[in-house]
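Here's a walk through the fold, the sheet, a helix and the ligand shell. Have a look at the structure first, then read on.

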Amino acid sequence: MKPTIVIVGRPNVGKSTLFNRLTKTRDALVADFPGLTRDRHYGHGKIGTKPYLVVDTGGFEPVAKEGIFHEMAKQTLQAVDEADVIVFLVDARDGLTAQDKLIADKLRKTGRPLFLAVNKSEGMQRAVITAEFFELGLGVPLAISSAHGEGVRELVELMLEDF
Ligand code: GDP
Ligand code: MG
């Protein structure tokens, strides 16, 4: 079975950009996976000989104005439940936000393997931008740039190490 990587994070951190990068290696065209809920964004990717499935949870960003569903929609939680690996994406330019902390609390409770990626890090010093994210208690934050591809390969290799 292909491992499923689920991308989670608040709006605008670059989830879809990362999704596109993780899926275009094999297919230029990102198609919905037949038979699955339409508002979930599924795609296939491959690194070396390892195939994987990626879910972009951005297709179901929360509609509620407040409460925990504002931070994370129910469907996102379902996707997270089906994840083999979760990548929690945060934004180097915005820094650590209150919403990030709430999402981190939710994700920690799932007990799923979790990788913290600090996106939009191009042109910035890794050690400096990742420092504040240690506070989330999710391990070592990995600096990446989804737009430029920096650190993405390393992230995927790390995530799929046990598969
Ligand atoms: P989503 O809402 O989490 O799916 O975020 P998107 O993938 O739609 O990206 C939100 C914005 O961030 C867009 O304008 C992207 O071009 C930009 N973005 C995404 N990744 C990067 C990155 O690595 N560096 C920079 N500078 N911008 C990025
Ligand atoms: Mg999106």
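## Overall layout

The protein has 6 helices and 6 strands. Keep in mind that this is a predicted model. Going along the sequence, the elements come in the pattern β-α-β-β-α-α-β-α-β-α-β-α. Of the 163 residues, 39% are buried. Among the contacts with a separation of 6 or more, 63% are between residues 24 or more positions apart.

## The sheet

In what order do the strands sit in the sheet? The 6 strands make an open sheet ordered β2-β3-β1-β4-β5-β6, and the pairing is mixed. The edges are taken by β2 and β6 (142-143), each of which has a single partner strand, so one side of each is left without a neighbour in the sheet.

Strand β3 (residues 50-56) is a good place to zoom in. With 5 of its 7 residues buried, β3 is largely enclosed by the rest of the structure. One of its partners is strand β1 (residues 4-8), which pairs with β3 in the parallel sense over 4 bridges. Strand β2 (residues 41-47) also pairs with β3, this time in the antiparallel sense over 7 bridges.

As for individual residues, L53 in β3 stands opposite H44, and L53 also has T4 opposite it. Another residue of β3, D56, is the bridge partner of I7. β2 and β3 together form a hairpin, with 2 residues between the strands. G48 sits in that turn and has a positive phi of about 60°.

## Positive phi values

G48 isn't alone in having a positive phi, so here are some of these residues side by side.

| Residue | Place | Phi |
|---|---|---|
| G48 | turn of the β2-β3 hairpin | about 60° |
| N12 | loop between β1 and α1 | near 80° |
| G111 | just after α4 | about 70° |
| K120 | loop between β5 (114-119) and α5 (126-131) | about 65° |

N12 is a residue other than glycine, and K120 is not a glycine either. Are these two buried or exposed? N12 counts as partly exposed because it has 13 C-beta neighbours inside 10 Å. K120, on the other hand, has 23 other C-beta atoms within 10 Å and is therefore buried.

The loop that holds N12 also contains P11, again between β1 and α1. P11 has 9 C-beta neighbours inside 10 Å, so P11 counts as exposed. P11 and G58 are 47 residues apart along the chain, and their C-alpha atoms are separated by 7.3 Å.

## Helix α4

Now for helix α4 (residues 98-110), where the length can be checked against the residue count. How far apart are the end C-alpha atoms of α4? At 1.5 Å a residue, its 13 residues should span 18 Å, and the end C-alpha atoms are 19 Å apart, which agrees.

The buried residues in α4 are D100, I103, A104 and L107. Viewed down the helix axis, the buried residues of α4 fall within an arc of 105°, so they line one face of the helix. The face turned away from that buried side carries the exposed residues A98 and K109. Right after α4 comes G111, with its positive phi of about 70°.

## Around the ligand

Which residues are closest to ligand 1? They are G14, K15, S16, T17 and A147, from a shell of 16 residues that surround the ligand. Helix α1 (residues 15-23) supplies the largest share of that shell, with 3 residues. By type, the shell around ligand 1 splits into 10 polar, 3 charged and 3 nonpolar residues.

## Putting it together

To recap, the open sheet is mixed, with β2 and β3 next to each other in its order. β3 pairs in the antiparallel sense with β2 and in the parallel sense with β1. The loop between β1 and α1 holds the exposed P11 and the partly exposed N12. Helix α1 then provides 3 residues of the shell around ligand 1.

Definitions and conventions
Residues are numbered from 1 along each chain as its sequence is written. Chains are lettered from A and ligands numbered from 1 in the order in which they are written. This is a predicted model: local features need pLDDT of at least 70, side-chain atom pairs count only at pLDDT 80 or more; totals for chains, interfaces and linings use all residues. A residue is buried if 20 or more other C-beta atoms lie within 10 Å of its own, exposed if 12 or fewer, and partly exposed in between; C-beta atoms are placed from the backbone. Two residues are in contact if their C-beta atoms, placed from the backbone, lie within 7 Å. A residue is near a molecule or strand if its C-beta atom, placed from the backbone, lies within 6 Å of it. Ala, Val, Leu, Ile, Met, Phe, Trp, Tyr, Cys and Pro count as nonpolar, Asp, Glu, Lys and Arg as charged, and the others, Gly among them, as polar. Two strands pair if DSSP finds at least two bridges between them. The expected span of a helix is 1.5 Å times one less than its number of residues. The arc is that of the directions from the helix axis to the C-beta atoms.
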